[in-house]
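Hello,

I am handing over the structure we talked about. Please open it first, then read my notes below.

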Amino acid sequence: MKPESHVHVIVIGGGAAGLAAAAAVEQAGLSCQLLEAQTRLGGRIRTVPLRSGGLFDEGAQMVNGDMHAVLGLASQAGLHLSPVPRTGIGLCLAGQNTRRFEDLISVGELHELLEEQVVRWDSPGEVLRALRLKLAWWNTPWESPGEAGRGLRLLVERRTAPKESLAAALRALLLEAEEHAMAYSHFSEILGAAPEDVHAQAVRDIFARYASERDDLEFQVAGGMIGIVDQLASELRHRPRLGAPVERIRTTGDRVEVIAAAGVWTADHAIVAVPPPAARRITFEMDNSDELAALLASFAAGAMIKTVLVFDRAFWRLKGFSGTALFADTPGLAVVDGSGDGPFPPRLTAFLGGPLARQWAVLSQEARHDLLLGRLSRVFGEAVGAPLEIGEAVWIDHPWSGGGYNATVRVGGDPDAVARLSAWGGRVRFAGAEVAGRFWGYVEGAIHSGRSVARQIAGTAGAGVFCETGSPRATSR
Ligand SMILES: Cc1cc2nc3c(=O)[nH]c(=O)nc-3n(C[C@H](O)[C@H](O)[C@H](O)COP(=O)(O)OP(=O)(O)OC[C@H]3O[C@@H](n4cnc5c(N)ncnc54)[C@H](O)[C@@H]3O)c2cc1C
């Protein structure tokens, strides 16, 4: 097939990362063609209207005050940021008990403990600690073995369980049963996977890349996160090609050939801004394609069902509840008050991540909603059973993203896959939320990653160097 055209850079994928990369490439004075598989831009950002008024962000929705790339784009586009309502009591359902969040371990504390645990997992001090607990166990009454008993179990598990999993690291924290169940549920939700299947070392790296002391759920973009996509797209000089899934990328000497059903393009460089599970569907023909295949295979796609429940009034607030809830007995289920500050009716937004999401996904939508409403009514009461409207987005085995929220490194994968893929050099480079050096797994991270790869290429191409303000400046080279 005759090449459509030759450009400096081809960007594959029109999500936040690809759009940011393409805009940055063009701002550096290089020519660029973006190819997107779907007939729309945005990837895991997609905003749809609700019957009851307002919009539903089926994918990304929230940002915090340290996510400067997203905030900058919102400000350029004149978008209003609406605070996520968080006042009131957050709840955790464990067995028959509904506990206040504040009476349990905080998520921040949990992340810190886990980080320490992964670091010391193999240290002699850790083994000694477990042995000391075992000795203490002999002097502990049988009816209340407490931490010592759990220490003994840990010692046994250290010999039997695959120690690299997040589940093993969580057990090693010796949390109380309810706290452990809560932690397990929390990680199933944020990773969209069972902690048994996720690499603990990789999770620690994800925390390290969260470049903020603030909660991630501070603001939502009024008018939907799609406003950020529109702003990024408006910065492009050359129109993206939609409905052009890339099938093959081949490096030949001094150029890259990118092959899609829609045509063939050649370029000096390609930026693959496609999540690793989707990138596995592309055939790479280059020197180190075996090594690349192993890296891409290290990631497992997350499974996530996001549901919005619209109500005529925020009845949970009348009870003093914030709307935040985590279900320790339904691993992976969490709820937040997703109401905006506009004229539209209030809403709760539920996230179900991990294996349970996969189980629920094969049920009928009606059965799924009944299950969800049943769970929520145990925390918020019967009023939850009469929503004005339910909207739902199932991010499981999605053809172009793999799933949601993101793909994480699985047990058995290369724990350094994120770092190695983001440092992948040569004519074909990788960008996206999954390889982001800052704010891994967020829209902010995707934008940051796209811009940073574009900067590297602009540097090697000797073009104008992209600066954060967005305008190119001449390079001294
Ligand atoms: C339900 C849900 C809620 C979320 N909530 C938040 C949140 O509140 N805040 C936040 O910051 N983040 C959130 N995220 C995460 C965030 O959406 C993603 O991390 C981010 O949007 C990823 O951007 P990306 O550009 O890296 O990848 P994507 O958005 O997945 O973009 C990749 C693009 O590549 C295209 N593509 C794939 N294969 C090919 C191919 N072969 N050829 C051409 N194109 C291809 C896809 O169609 C897609 O458009 C959420 C995600 C989900 C699913």
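**Strands, helices and the ligand shell**

Strand β10 and strand β13 (residues 283–285) run parallel and are joined by three bridges. In that pairing, Arg248 stands opposite Thr283 of β13. Please keep in mind that this is a predicted model.

β10 (residues 246–252) has another partner. Strand β11 (residues 255–260) runs antiparallel to β10, and six bridges join the two. Here Arg248 turns up again, with Ile259 in β11 as its bridge partner. The hairpin of β10 and β11 has two residues between the strands. Gly253 in this hairpin takes a positive phi near 60°.

Now to another sheet. It is open, has eight strands and shows mixed pairing. The order is β8-β7-β16-β17-β18-β15-β19-β20. Which strands stand at the edges? They are β8 (97–100) and β20 (402–403). Each has a single partner strand, so one side of each is left without a neighbour in the sheet.

Within this order, look at β17 (residues 333–337) and β18 (residues 347–353). These two pair in the antiparallel sense, over five bridges. Val335 stands opposite Ala350 in β18.

A helix lies across part of the sheet. Helix α7 (residues 177–191) lies across β7 (89–94), β8, β16 (321–327), β17 and β18. Its direction is at about 90° to β18.

Next, a pair of helices. Helix α2 (residues 68–76) packs with helix α9 (residues 226–234) at an angle of about 80°. Their axes are 9 Å apart. Angles of 65 to 115 degrees count as roughly perpendicular, and α2 and α9 are therefore roughly perpendicular to each other. From α2, the residues in this contact are Val70, Leu73, Ala74 and Gln76. They meet Gly227, Ile228, Gln231 and Leu232 in α9. By class, the contact of α2 with α9 has five nonpolar residues, three polar and no charged.

Last, the ligand. There are 40 residues around the ligand. Which of them come nearest? Gly13, Gly15, Gly43, Gly404 and Ala433 do. Three elements give two or more residues to the shell: α1 (16–27), β15 (304–310) and α16 (443–461). The shell divides into 23 nonpolar, 13 polar and four charged residues. Domain 1 (3–43 + 226–300 + 415–473) and domain 2 (47–89 + 216–222 + 302–402) each supply at least three residues to the shell.

Best wishes

Terms used:
Residues are numbered from 1 along each chain as its sequence is written. This is a predicted model: local features need pLDDT of at least 70, side-chain atom pairs count only at pLDDT 80 or more; totals for chains, interfaces and linings use all residues. A residue is near a molecule or strand if its C-beta atom, placed from the backbone, lies within 6 Å of it. Helices (H or I, at least four residues) and strands (E, at least two) are DSSP runs, numbered from the N terminus. Ala, Val, Leu, Ile, Met, Phe, Trp, Tyr, Cys and Pro count as nonpolar, Asp, Glu, Lys and Arg as charged, and the others, Gly among them, as polar. Domain bounds come from an automatic or database domain assignment. Axes are lines fitted to C-alpha atoms, for helices over the stretch in contact, and angles run from 0 to 180 degrees between N-to-C directions. Angles under 35 degrees count as roughly parallel, over 145 as roughly antiparallel, 65 to 115 as roughly perpendicular and the rest as oblique. Two residues are in contact if their C-beta atoms, placed from the backbone, lie within 7 Å. Two strands pair if DSSP finds at least two bridges between them.
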